[in-house]
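Please read the following report alongside the sequence and the model. It begins with one helix and then widens to the chain as a whole.

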Amino acid sequence: MLQEAESHLRCPLCRGVLARRENSLLCAGGHCYDVARQGHVNFVPGQKESFYKKELFESRAKVFEAGVFAPVVDVLTRALDAHVRRENPVVLDAGCGEGYYTKAVCPERRMTRIGFDLSKEAVRLAARGEKRASFFVADLANIPLADGCCDAVLDIFTPANYGEFRRVLRPGGLLFKLAPRSGYFVQLREAAGDLLRHREYDSGQVERYAREHMALLERQEITYTLPVARELAGHLARMTPMLASIDPDSLDLSGVREITIDEVLYVGAVR
């Protein structure tokens, strides 16, 4: 579904307008980016995969299919509907992963859905068979979009680049930022115990930084606990960067019978 996004794309090397020529996007400066068979574009060729590998995103997909984060999608949908009134708004999911939120928010609403991530594997999964959203591989510090083209930016558990968000948002556009709170995945952190360098999670720094860079219109806490089976607990352990320093498959998860989602949503204009 790259066609809807093409008019907003800009070359990350020279900021030139990109034009489609068969299966490539080209700018006047001669920079060329191929459109992959799945329909996505890689604007960071040569990027190496890190912790965020295919297996992680496959586990994330299993968790999302199980509905663990469905209440979060509902909150985001209500917030977008309340604050973004433009018909067919352009919504950017910054750090989209496998595209769950890009595709799931506002399911009945027409919008130009654009997602990007630095992980090639994540973007391949996101673009596979997708008809409503456009995906590309890109760097958060150099988003290949035109100035002032977005009505909303979703920043879900991604380190914020407020300067780039401000640049791509149109006047009146808003940032919707989701961040974990202290109770997030607490059962997994307890199962990891002393294997974790930081067993406790302090969300205070993220909140202070968000308040410094956003004129807040809304702040909403999202907290709930769901029962989980052993297999799902394994997928939860494999999907989270909170356990990046240890092998999640080595953990004894037999005592993890439930999982807590504890997040906060910030909505506001970027200063």
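## Helix α9 and its surroundings

In α9, the residues Leu232, Ala233, Gly234, His235, Leu236, Ala237 and Met239 are buried, where buried means under 20% relative accessible area, exposed over 50%, and partly exposed in between (1.4 Å probe, protein chains only). These are seven of the 10 residues of the helix, which runs over residues 230-239 and is mostly covered. Helices (H or I, at least four residues) and strands (E, at least two) are DSSP runs, numbered from the N terminus. The buried residues of α9 pack against α2 (54-65), α7 (186-192) and β11 (258-270).

This is a predicted model, in which local features need pLDDT of at least 70 and side-chain atom pairs count only at pLDDT 80 or more, while totals for chains, interfaces and linings use all residues. Residues are numbered from 1 along each chain as its sequence is written, and side-chain values use heavy atoms, with hydrogens and water left out.

Within helix α9, leucine 232 counts as buried because its relative accessibility is 16%. Leaving aside neighbours within four places in sequence, leucine 232 is in contact (heavy atoms within 4.5 Å) with Lys62, Val63, Ala66 and Val68. Leucine 232 also lies 8.7 Å from serine 59, C-alpha to C-alpha, although the two are 173 residues apart in sequence.

## Two loop residues with positive phi

Two residues other than glycine have a positive phi, and their places are set out below.

| Residue | Phi | Loop | Relative accessibility |
|---|---|---|---|
| Asparagine 88 | near 50° | between α3 (70-83) and β5 (90-94) | 24%, partly exposed |
| Phenylalanine 157 | about 60° | between β8 (150-156) and α6 (162-168) | 32%, partly exposed |

## The chain as a whole

The protein chain holds nine helices and 11 strands, and buried residues make up 52% of its 271 residues. Along its principal axes the C-alpha trace spans about 60 × 40 × 35 Å. The radius of gyration of the protein chain is 19 Å, which agrees with the value near 18 Å for a compact globule of 271 residues; the radius is taken over C-alpha atoms, and the globule rule is 2.2 Å times the number of residues to the power 0.38. Among contacts between residues at least 6 apart in sequence, 64% join residues at least 24 apart. The protein chain exposes about 12,800 Å², of which carbon and sulfur atoms supply 48%, with accessible areas coming from the Shrake-Rupley method with a 1.4 Å probe.
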